[in-house]
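This briefing takes up a set of paired strands and then two individual residues in their helices. Please read it alongside the sequence and the model.

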Amino acid sequence: GSSRQDAARGPMSPLFLLAAGAAGSLGYLLVTGQKPVIGNHGLMLVANAGNGQFLRPDVAEAFKQMAAAAAQDGTVLRARSGFRSLVEQAELYAKWKAGLYDVPAVAAPGKSNHGNGTAVEVAGASGRRITYGSPEFHWLTAYAAAYGFGWTEGRKVNEPWHWVYEA
């Protein structure tokens, strides 16, 4: 093969580095339960908050503790959407601007608390976002603050499912 083909497959090729980065990230996740991601302000770690959603490690732990307490009261809380990369946020923002995403508001890329790993969209047992008047919403308004979560931002944008870790 040509030296150009060898360089494309060598240890410094973009494809090799991408594969090594993905494998390293997976290994780190398997060993520590956390994975490195690029957030609003650069490299950060996130951890599984349940339901395949990731949040900043301290936020993920607080959410899991809150969900466990809610379960003891007979209320199911699930993370429906947690951390979003800048690319994911940009895609969601573009869909919302085009009228293809039916929510009251979507923050511009770099402005969302999802990009900091501190915001979570909460779902109930059905997997759908919680609504005003739902048992999950009532439970959260009564007890979420004890776990560090607030609804200030969700209230401003009329989203009963949007909760932010404020501790």
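**Strand pairing and two buried residues**

Strand E2 pairs with strand E3 (residues 53-55) in the antiparallel sense, over three bridges. The model is a predicted one, and the points below are grouped by topic.

**The strands**

- Within the pairing of E2 and E3, Ala47 has Leu55 of E3 as its bridge partner.
- The hairpin that E2 and E3 make has two residues between the strands, and in it Asn51 adopts a positive phi near 60 degrees.
- On the other side of the sequence, E2 (residues 42-50) also pairs with strand E1 (residues 34-39), again in the antiparallel sense but here over six bridges.
- Val37 has Met44 in E2 as its bridge partner, and the hairpin formed by E1 and E2 has two residues between its strands.

**Ala62 in helix H3**

- Ala62 lies in helix H3, which spans residues 57-72, and it counts as buried because its relative accessibility is 9%, below the 20% cut-off.
- Once neighbours within four places in sequence are left aside, Ala62 is in contact with Tyr147, Phe149 and Tyr165.
- Ala62 is separated from Ala49 by 13 residues in sequence, and the C-alpha atoms of Ala62 and Ala49 are 8.7 Å apart in space.

**Glu136 in helix H5**

- Glu136 is placed in helix H5, which covers residues 135-143.
- Although Glu136 is buried, it has no salt bridge, and the nearest side chain of opposite charge, that of Arg78, is 8.8 Å away.
- Not counting residues up to four places away in sequence, Glu136 touches Thr75, Val76, Leu77, Gly124, Ala125 and Ile130.

Conventions:
Residues numbered from 1 in each chain as written. Predicted model: local features only at pLDDT ≥ 70, side-chain atom pairs only at ≥ 80, totals over all residues. Heavy atoms only, no water. Helix = DSSP H or I, 4+ residues; strand = E, 2+ residues; numbered from the N terminus. Buried < 20%, exposed > 50% of the residue type's maximum accessible area, 1.4 Å probe, protein only. Contact = heavy atoms within 4.5 Å. Lys, Arg positive; Asp, Glu negative; His and termini not counted. Salt bridge = Lys/Arg side-chain N within 4 Å of Asp/Glu carboxyl O. Pairing = 2+ DSSP bridges.
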